Amino acid sequence: MQGTALILGAALAACAFAQPPAYNQPYRPQYHFSPREHWTNDPNGLVYFDGEYHLFFQYNPFGDQWGHMSWGHAVSRDLVHWQELPVALPESDGIMIFTGSTVVDENNTSGFCTGGKPCMVAVYTGHTPAAAGHPALQTQNLAYSNDRGRSWTKYSGNPVLNLNLRDFRDPHVSWSPEAKQWVMAVALPTEHKVLFYGSPNLKEWQRLSEFGPAGATGGAWECPIFTKVPVAGGADSRWILKVGVNPGGVQGGSGEQYFVGTFDGTHFVNANPPSTTLWTDYGKDCYCALTFNHMPTGAAPVMIGWMNNWQYASKVPTSPWRGQMTAPRKLQLRQTADGLRLFQMPADAIESLRSSHFTWDGQSVADLNRALGEHAKGSSLELQIVMSPGQASEIGWKVFSGGGSYTTVGYRNGDLFMDRNHSGLTDFSPTFPLRTAVPVDTGGKPVELTILLDRSTVEVFGQSGQVALTNLVYPPAGAQGVEFYSIGGRPGPVRVDVWQLRSGWK
Ligand code: FRU
């Protein structure tokens, strides 16, 4: 059967970006946030306030390696066009500003807000490195802003929580209607525990409970998030406790797990046995993901992660920046045969970047690849795919293909996988080249994929977001091809939509 191809809009190849040179180096993502220059790791303090999404991020203002940790700052009105602002919270008095969260204090519970208006309060870990005579110290601290995050004052009463520990970090704070107070989840990394605290005013904290060890404990627990996520198909919701693990992630190095359960205002109760490990992402490059606080009423929770892995973060071949974020993802819980599971899909805002569109529905692989070769090249693309193995033992896609390089996204023996062994530059770390895979039971239905590509990023969402695979790649210039392939027999029909995505840099 011949397939049908439809190409809408201008030829994809003619879609030149109009981004400023500062954001047009090799590998520079066009709709994922990265700082203009220098080092970043975790996203911090994600919050929506007064029409703006704020993305703070672990930042070294002085270089492209980890150090002098401060909170960099960017704002966006739509989650895809970002504007970087001056550093919000700089390292000072020898105390680095580690990961944390930001809340909007609607009712001035903190006393920091002026003019009868809500203000922004950041809750972060102050990290004092070890020095002669004293070990390292991590404490929880506050800073506030009364001008929509443009200027910040560190609270004179800092720290607000000090257990005199070397490892005690990454507070995630939100308002809990259950507890009728602020609730903080904060990690005891080496004990594989999350401590819960409550506070009426963000300044005085009382211990509520603790959670863990449970799930994956192969490395330090970091970057907890504790947030309510709606259950699909009703008004119900559950609490998610997400915890970073480094090392000991599912693909080696850093990775993230989550627990799903209930919260009575004091205790989080895991709905699964402690031995159950649930991973948020089966790629290698999504760490310390954070959800936005204070989202508009009715909006789905949106999460952004650091697209990297501590195994090689210091070596990734980008310049003059190092470190970038994942696409924003909307979260939902869905009932599965194993219980409630987290589903994630690209946030709706990504659709606003779509330009030229190629669509195909058919069975001739040769015709499909000819049409793709002519009309669907690109380095910032969204692909939506429905495919079935038919008689083939493996079906899949080569993306960022050209000059002998390609990244494979495929389905074989019930596994969805991504292989970046031949993706281009891979030799900067022995732990970089790899194939990442996850079992996906399609229940006899076709395989459904949404794939986001952006110069050095591949994000795959399988079966409506039941699984996510996030990986960095460094393809050679010009490797912009997309091809379908099958091995071992005739594949079933293929439906694919490809959109060129515009740059978010203005
Ligand atoms: C995780 C992490 C956090 C810490 C931050 C320091 O990537 O180690 O636990 O707050 O990075 O930059």
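**Two domains and one buried valine**

Between domain 1 and domain 2 of this protein chain, the count of salt bridges is two. One of the residue pairs joined in this way is R329 with E459, whose side chains meet at 2.8 Å, N to O. I should say at once that what we have here is a predicted model.

On the side of domain 1 that touches domain 2, at least two residues each come from β1 (4-8), β23 (329-336) and β24 (339-346), and by class that side is made up of 22 nonpolar, 16 polar and six charged residues. Looking across the interface for polar contacts, we find 20 residue pairs, with both residues at pLDDT 80 or more.

Let me step back to the division itself, in which domain 1 covers 2-18 + 30-346 and domain 2 covers 353-501. Their C-alpha centres lie 29 Å apart, and the contact draws on 44 residues from domain 1 and 48 residues from domain 2. The two domains bury about 3900 Å² between them, and 60% of that area is on carbon and sulfur atoms.

I would like to finish with a single residue, V440, which sits in the loop between β30 (435-439) and β31 (447-454). Is V440 buried or exposed? It counts as buried because its relative accessibility is 8%, and the cut-off for that class is under 20%. Setting aside neighbours within four places in sequence, V440 is in contact with Y411, G414, D415, L416, Q463 and V467. As for F417, which is 23 residues away from V440 along the chain, the C-alpha atoms of these two residues are separated by 9.7 Å.

Definitions and conventions:
Residues numbered from 1 in each chain as written. Predicted model: local features only at pLDDT ≥ 70, side-chain atom pairs only at ≥ 80, totals over all residues. Heavy atoms only, no water. Domains from an automatic or database assignment. Contact = heavy atoms within 4.5 Å. Buried area = accessible area lost by both parts, 1.4 Å probe. Salt bridge = Lys/Arg side-chain N within 4 Å of Asp/Glu carboxyl O. Polar contact = N/O pair within 3.5 Å; in protein donor to acceptor, adjacent residues only side chain to side chain. Helix = DSSP H or I, 4+ residues; strand = E, 2+ residues; numbered from the N terminus. Nonpolar A, V, L, I, M, F, W, Y, C, P; charged D, E, K, R; others polar. Buried < 20%, exposed > 50% of the residue type's maximum accessible area, 1.4 Å probe, protein only.
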